[in-house]
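Trainee: I have a model open in front of me and would like a close look at just one part of it. Could you pick a helix and walk me through how it sits among its neighbours?

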Amino acid sequence: MKRHVTAFATAAIVGAVCTAVVTPATAADGEKVFNKCKACHALEAGKHKVGPSLAGVVGRQAGTAEGFGKYKGLEGADWVWDEAALMGYLEDPKDFVKAKNGKRTSMVLKLRKEEDRKAVIEFLKQH
Ligand code: HEC
């Protein structure tokens with residue numbers, strides 16, 4: 001039912017409302033993908049597990065989750081997590097970080113499927 005509403009709304013509504021209506025489809029898929037990340041990442045700000053909190057990570061400077069003191073490859077990172085950077089990192093964290101700053105990232109999980117990466121990024125945008 002949501003999908004029908006989405007198609008309808010996309011044609012009729014512009015701007016913020018439109019984005020809010022269109023994203024849930026992929027964000028919902030992303031929530032499932034995020035099950036793979038949950039062991040190491042929380043979505044609440046300031047709550048850290050093996051990995052840093054991912055609250056507000058999209059658009060944020062890499063390696064700067066407040067209060068997370070265990071960065072390895074991302075320590076001192078000089079890039080921002082825009083969609084392109086996240087697509088690269090999630091596909092192959094080790095290669096991505098090595099190419100960026102020569103360090104070894106401590107995150108090993110790879111999301112090989114492009115649609116999984118896109119969906120989880122959509123999901124993360126909402127947190
Ligand atoms: C086995 C634990 C583990 C899993 C599973 C894991 N991560 Fe990570 N993640 C980490 C660690 C540790 C870091 C910090 C890496 C570093 O500093 O080198 C990290 C860093 C990140 C960052 C950068 C955060 C920042 O503050 O700059 C993002 C984004 C991220 N992970 C996304 C994900 C997503 C999305 C998934 C699921 C598809 C995932 N991770 C699965 C451990 C994990």
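Mentor: Happy to! Let's take helix α4, which covers residues 83-91. Its buried residues are L86, Y89 and L90. These three span an arc of only 90° around the axis, which puts them on the same side of α4. The general background helps here: an α-helix has 3.6 residues a turn, so residues three or four places apart point the same way. Do keep in mind that this is a predicted model.

What does that buried side face? The buried residues of α4 pack against two helices, α5 (93-101) and α6 (114-125). Let's visit each partner in turn.

We can begin with α5. P93, F96 and V97 are its buried residues. They too cover an arc of only 90° around the axis, which places them on the same side of α5. Among the elements covering these buried residues is α4, so the packing can be read from α5 as well as from α4, whose own buried residues pack against α5. Just after α5 comes G102, with a positive phi of about 80°.

Now for α6. Its buried residues are R117, A119, V120, I121, E122, F123 and L124; notice that R117 and E122 are on that list. You can also check the geometry of this helix: at 1.5 Å a residue, its 12 residues should span 16 Å, and the end C-alpha atoms of α6 are 17 Å apart, which agrees.

How do α4 and α6 meet? Two packed helices are described by the angle between their axes and the distance between the axes. Here the axes of α4 and α6 come within 10 Å and cross at roughly 125°, which makes α4 oblique to α6. The crossing of α4 past α6 is right-handed. On the α4 side, the contact is made by E83, L86, M87, L90 and E91; on the α6 side, R117, V120 and I121 take part. L86 and L90 are thus both buried and part of this contact, and R117, V120 and I121 are likewise among the buried residues of α6.

The loops are worth a look too. K113 is in the loop between α5 and α6, and with 11 C-beta neighbours inside 10 Å it counts as exposed. Its C-alpha atom is 9.8 Å from that of L90, although K113 and L90 are 23 residues apart in sequence. On the other side of our helix, K72 belongs to the loop between α3 (24-34) and α4. K72 also counts as exposed, because it has 12 C-beta neighbours inside 10 Å. Leaving aside residues up to four places away in sequence, K72 touches K103, R104, T105 and S106. The C-alpha atoms of K72 and R104 are separated by 6.9 Å, with their positions 32 residues apart along the chain.

Finally, step back to the whole protein. Its secondary structure comes to six helices and zero strands, running α-α-α-α-α-α from the N terminus on. Buried residues make up 24% of the 127 residues. Of the contacts with a separation of 6 or more, 39% are between residues 24 or more positions apart.

Definitions and conventions:
Residues numbered from 1 in each chain as written. Predicted model: local features only at pLDDT ≥ 70, side-chain atom pairs only at ≥ 80, totals over all residues. Buried ≥ 20, exposed ≤ 12 C-beta atoms within 10 Å, placed from the backbone. Helix = DSSP H or I, 4+ residues; strand = E, 2+ residues; numbered from the N terminus. Arc of directions from axis to C-beta. Contact = placed C-beta atoms within 7 Å. Expected span 1.5 Å × (residues − 1). Axes fitted to C-alpha atoms, helices over the stretch in contact; angles between N-to-C directions. Parallel < 35°, antiparallel > 145°, perpendicular 65-115°, else oblique. Left-handed = near helix turned anticlockwise from the far one by under 90°.
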